[in-house]
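My notebook is open, and I am going to walk through one protein chain. Come along and look things up with me.

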Amino acid sequence: MTLTYQIGEEDGLYKALLAAGVQGRTEPAAGQSNDADDSASAASRAAWDEDADLPICTACGTQYPAAREDCPICEDDRQFVPANGQAWSCLRKLADSAHKNELVKDSQDNRISYIKTTPAFGIGQTPFLIETAEGSYIWDCCAFLSHNLVSELKGLKNPLKAIVISHPHFYTTSLTWARVLSVPLVVCGKDEEWYQRLSDVKEGEIVWYDEDHELTSNLKALRCGGHFEGSAVLYWDRSREPSPDHASSAKCRQDGIIFCADTAMVQPTQKGFTFQYSVPNMIPLNPYDVAYLYKKLKDVPFGQATSTWPGRFIREDAGSILAQSVRKHLETMGCDWLWVSLSNETQNESAGSTSWNSADILSSRASDGRSKQSLIILNQPITRRDIFEKLWDNCDYRICADGGANRLYDLLSEGDRER
Ligand SMILES: [Zn+2]
Ligand SMILES: [Zn+2]
């Protein structure tokens, strides 16, 4: 997710948030002494100090274990190096330049708070604090962390249990957060190669999971893939939580909510989702990965959805809006047939019959846990090599029938034939 666009609109988005009645709690800049500041434990301060001079990319907010020339997150084709070149900061410089954190409560559910950084930094990452009855969790991360925020997070009524991260664009300074707050990170292991401080990670500091991860009985990280192979959303089933203390409020929500970062990004319209491989470089997500994501979420009951930036919140009917948005994306990409196939699968499943899993079989990021698939090559021209290669890679058994072996032979280059 970007970047200059996010930074440019940040103040406007925040004003809109305040205009909508959202309450904020402001704190002094880090580095300035006050009572809350003093209450941060010596251990937390020591952990913060230890990482305070590590380089942080100013464009994306990723922290590195040592000085370097390039930022692999920005060099990746999902991001970009700004026109004025690669630049670096660090936690200490951010604190010295009067950056501060602020917890901003959601207007409908005071168990959800935005963790805002002012002035905005990196790609404007605005993680969430989610205070469930079984403990509090931070969803996603941002580069700056003030001592005052640490004090607030350490004093929560329901203690902080973990920091859970959707994908590499939010890894930022998460190892520092985990050490300062004395909680583990929860990260999908499919993106482990993107974790830039891997060489520093000690045993137990990161809980790596593969497919999905249950945090509490009502809170789960669900890997959907697509944007990154390990891209996840966080699902909170509020209907199974005890009634919150604001339950009598007319605005109080007790339905399911997904926190979806840019795995399925809430549009600026807040009336739909968009599915992007790269947001700043405007590369849409391939239709098979969108279909896979939809299959993962279509039976999850949720009425609300939000991405990890202010002003990206679908307040009503988010589940059916997801279906409409997936359909629109697939039709726009000329894959109407895939939507029809997904709809038929849903009908077949509800009728109790076996369904053919087109999303799994065509996704480049198919689940490891899917059922076994077979490919039968008949005596027909193979006109779409791209689709053929996906089928070949995703099938466990490949059989040539009739003149299929000749069609396969014709398709292959000389080097391929030898293999
Ligand atoms: Zn992203
Ligand atoms: Zn970067």
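Before I count anything, I note my rule: a residue is buried if 20 or more other C-beta atoms lie within 10 Å of its own, exposed if 12 or fewer, and partly exposed in between, with C-beta atoms placed from the backbone. By that rule, buried residues make up 42% of the 419 residues in the chain.

I also write down what I am looking at. This is a predicted model, where local features need pLDDT of at least 70, side-chain atom pairs count only at pLDDT 80 or more, and totals for chains, interfaces and linings use all residues. Residues are numbered from 1 along each chain as its sequence is written, while chains are lettered from A and ligands numbered from 1 in the order in which they are written.

**Entry: helices and strands**

I looked up the elements and found 14 helices and 22 strands in the chain. Both are DSSP runs numbered from the N terminus: helices are H or I with at least four residues, and strands are E with at least two.

**Entry: one sheet**

I followed an open sheet of 6 strands with mixed pairing, in the order β11-β12-β13-β14-β19-β20. β11 (212–216) and β20 (313–314) are the edges, each with a single partner strand, so one side of each has no neighbour in the sheet. Two strands count as paired if DSSP finds at least two bridges between them.

How do β11 and β12 run? They are antiparallel, joined by 4 bridges, and a hairpin of 2 residues connects them. Threonine 216 has leucine 219 of β12 as its bridge partner. Leucine 219 also stands opposite tryptophan 236 in β13; β12 and β13 (residues 232–237) pair in the antiparallel sense over 5 bridges. Further along, β14 (residues 256–259) and β19 (residues 304–306) are parallel over 3 bridges.

I then checked the side chains of β12 (residues 219–223). Leu219, Ala221 and Arg223 point to one face and are buried, whereas Lys220 and Leu222 point to the other and are not. My textbook reminder: in a regular strand the side chains alternate between the two faces of the sheet.

**Entry: two helices**

Which residues of α3 (residues 42–51) are buried? I found Ser44, Ala47, Trp48 and Asp51. They cover an arc of only 100° around the axis (taken from the directions from the helix axis to the C-beta atoms), which puts them on the same side of α3. The face turned away from that side carries exposed Ala42, Ala46, Asp49 and Glu50.

Next I looked at α8 (residues 287–297), where 11 of its 11 residues are buried. This helix also gives the most to the largest nonpolar core, with 7 residues. Such a core is a set of buried Ala, Val, Leu, Ile, Met, Phe, Trp, Tyr and Cys residues joined through C-beta atoms within 7 Å. Of its 90 residues, Ile163, Val164, Val233, Leu234 and Ile258 touch the most other members.

**Entry: backbone oddities**

I found a cis peptide bond between threonine 118 and proline 119, with omega about -10°. Proline 119 is in the loop between β5 (112–118) and β6 (128–132).

Methionine 282 is not a glycine, yet its phi is positive, about 55°. It is in the loop between β17 (276–278) and β18 (283–284) and is exposed, with 9 other C-beta atoms within 10 Å. Aspartate 317 also has a positive phi, near 55°. Its place is the loop between β20 and α9 (318–332), and aspartate 317 is partly exposed, with 15 other C-beta atoms within 10 Å.
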